[in-house]
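Work through the exercises below with the model on screen. Try each task before you read its solution.

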Protein chains: 2
Amino acid sequence: MSKVFNFSAGPSMLPEPALQAAAKAAIDYNGCGMSLMTMSHRSKPIVAMFAETEALLREALDIPQNFKVLFLQGGASLQFCMVPMNLLPQDGCADYTITGVWAKKAAKEAKLFGKVNEACSSAEATFSYIPKELKQDPKATYLHVTSNNTIYGTEWKSFPKPANPNGYLVVDMSSDILSRKFDWTNMGLVYAGAQKNMGPAGVTIAIVRDDILGKVERVIPTMLSYATHIEGESMFNTPPVFSVYVVNETLKWVKSVGGVDALHKINERKAAKLYKAIDDSSFFKNPVAVEDRSPMNVTFVPTAEGHDEQFIDFCKARGLVQLKGHRSVGGFRASIYNAMPEEGVDALIEAMKDFEKQL
Amino acid sequence: MSKVFNFSAGPSMLPEPALQAAAKAAIDYNGCGMSLMTMSHRSKPIVAMFAETEALLREALDIPQNFKVLFLQGGASLQFCMVPMNLLPQDGCADYTITGVWAKKAAKEAKLFGKVNEACSSAEATFSYIPKELKQDPKATYLHVTSNNTIYGTEWKSFPKPANPNGYLVVDMSSDILSRKFDWTNMGLVYAGAQKNMGPAGVTIAIVRDDILGKVERVIPTMLSYATHIEGESMFNTPPVFSVYVVNETLKWVKSVGGVDALHKINERKAAKLYKAIDDSSFFKNPVAVEDRSPMNVTFVPTAEGHDEQFIDFCKARGLVQLKGHRSVGGFRASIYNAMPEEGVDALIEAMKDFEKQL
């Protein structure tokens, strides 16, 4: 089959130059006669590649110097337990904003370690909006936010401010990191599984403010302590070298197209035209509050029943794949992360129009 | 540079067909028009690939049906805490055999969760042998063994029997899995980071007997519970798909060369000729008890001082790289895992002889 446009929510499309570089490195890394997958993580070229990847990420997101950048494993799901294990005091409290399945999972895990205050929830409306009012605990150590909700297609356009003046934000950015810049003022920790906007599955980025650690009494297993990985410079144990390299090449691509601000503009344009096509259609509709619509995951449902499979097949025949909505909301979902070219969105819009015409 | 022989202890050489397949899949997976790195882990081709990988591993190692096969992240280092967290009762005890740095790390982590009895140790002799006498706790839930000690070049030729009739073995096989078959009779759990004999860094295999779980009282975070991953069939969260694929292709190569028994014979032959060259030499010597010598990691030290860097450079000029011994033992180490061709060992032996001649 010729190249397709892949609207998968994650793992997702990656920039073509990053894939080409990965294929080359799988055989011979930079002409050193060895596959990247077979090289010691402590060898000079790999240590240099990690340092470069960190520098590229710092540049892409204007990461302040008092934050450490870590390359970890286990995805956001492991962060769900590492966050409270490292940060939530046994007799303390944390605020969680419940805006989707992943946010709920994060809160559930935190409850194993301390008191969790659900500062808001849009569960009653199938998470179709971002709550505007928060009831924070004024003593909460941190306020946890899921910046973009992959399943429901909502995004926090700006982050709420922690009510506790000594509190900080912990943000799961798995599905919109590198899609826009954001303010670091109230940030304590940002984490993201790479497999949506940043690289392949198997590497997780954590960006940790250096003064938030060491404040809980509990014993933390070595591998689950952020301090371990800070001290080991992400090489306490063998890191997922190949996956980090694909992140490196993805970040180089981000830079080559003008950086995160340039991608933000393109993302806004891609999303705007797709949402417009949905709004203009009499067959499709988007169930999300207009002001909270995600530029990354565009969800839409048919207004008439019985055409779901038909539309999926119609698109597939045109090389537009992975458009099925998550089983909890049904309908369709087009994930249009950084690496989805505008032509992919145009092709989808055309397919939607053509499908509607022939109904 | 042209292809080199890479003696790195891990990540290490992988079979050429697996690397070629990986390079192809990085661009287009089985002609489906998408890079493997961009495909949903829940799509049919990926679910099928995981099932095939499990079947290949079961076949390669004769894994009995009452064991579950899991593809995890975090390396052996994360297993060091998952093992006691899931298996060691708070008021119980586990036996650990202390045969090297990794065995020590495993024991250290277990001490966070319960009582640890050090059943033996060769620390007093820089771990240059495998202890023959064990002082097990007759009530120990499990007996932990590091089957091959990468840094020191020792291997358990057979595994000790747990003293507790209801006890079982937990074996870290990171550096010799797939190099030989072994008896499953007393096994409870086998785990291994892939990056030595099985695939790239970023995927960890755990093989768990189905009756050993659910016997501890403590609360286990979701991602750290083996039960989670058994129930989710290694897809509770997004697994490291690309790394698992390289394991798949490595297992296909294992099968193509005649399986683990055939590799075992080749490994024995490779190791025997290298140890003979060391023993025959008047410049190099091997510090390990003869009966415990590892067929995977061959350590050797110079008998005269001041030639270390010189020998490393001499080998490097011939395309024989990553021969430096671990900093804790010095000298040299040739890791000759499954994927190291016999020609690589022959080339090293020739280099040793030539180096000695010109001294």
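**Exercise 1.** How many Å separate the centres of domain 1 of chain A and domain 2 of chain A?

*Solution.* First, the ground rules. This is a predicted model, where local features need pLDDT of at least 70, side-chain atom pairs count only at pLDDT 80 or more, and totals for chains, interfaces and linings use all residues. Residues are numbered from 1 along each chain as its sequence is written, while chains are lettered from A and ligands numbered from 1 in the order in which they are written.

Step 1: find the domains. Chain A has domain 1 (16-256) and domain 2 (258-357); such bounds come from an automatic or database domain assignment. Step 2: take the centres over C-alpha atoms. They are 27 Å apart. Step 3: look at the contact. Domain 1 of chain A gives 25 residues and domain 2 of chain A gives 23 residues. (Two residues are in contact if their C-beta atoms, placed from the backbone, lie within 7 Å.) Step 4: name the elements on the domain 1 side. α2 (44-61), β6 (148-149), β7 (154-155) and α6 (241-256) of chain A each supply at least two residues. (Helices, H or I with at least four residues, and strands, E with at least two, are DSSP runs numbered from the N terminus.)

**Exercise 2.** Describe how chains A and B are related and how they meet.

*Solution.* Step 1: superpose. A turn of 180° and a shift of 0.0 Å along the axis lay chain A on chain B with an RMSD of 0.0 Å. The fit is by least squares on the C-alpha atoms of residues with pLDDT of at least 70 in both copies. The two copies are thus related as by a two-fold rotation axis. In chain A, the C-alpha nearest the axis belongs to A:A23, 2.0 Å from it.

Step 2: count. 54 residues of chain A touch 54 residues of chain B. On the chain A side, α1(A) gives the most, with 5 residues. Step 3: sort by class. That side has 28 nonpolar, 24 polar and 2 charged residues. (Ala, Val, Leu, Ile, Met, Phe, Trp, Tyr, Cys and Pro count as nonpolar; Asp, Glu, Lys and Arg as charged; the others, Gly among them, as polar.) Step 4: compare the copies. 100% of the interface residues of chain A are also interface residues in chain B, so the copies meet through the same surface.

**Exercise 3.** Which strands are the edge strands of the 7-strand open sheet of chain B?

*Solution.* Step 1: write the order. It is β2-β10-β9-β8-β5-β3-β4 (chain B), with mixed pairing. (Two strands pair if DSSP finds at least two bridges between them.) Step 2: read the ends. β2 (67-72) and β4 (115-121) of chain B each pair on one side only. Step 3: check one pair. β2(B) and β10 (204-209) of chain B run antiparallel, joined by 6 bridges. There, B:L70 stands opposite B:A206.

**Exercise 4.** At roughly what angle do the axes of α3 and α4 of chain B cross?

*Solution.* Step 1: locate the helices. They are α3 (75-87) and α4 (101-110) of chain B. Step 2: read the geometry. Their axes come within 8 Å and cross at roughly 40°. (Axes are lines fitted to C-alpha atoms, for helices over the stretch in contact, and angles run from 0 to 180 degrees between N-to-C directions.) Step 3: list the contact. Among its residues are B:F80 of α3(B) and B:W102 of α4(B).
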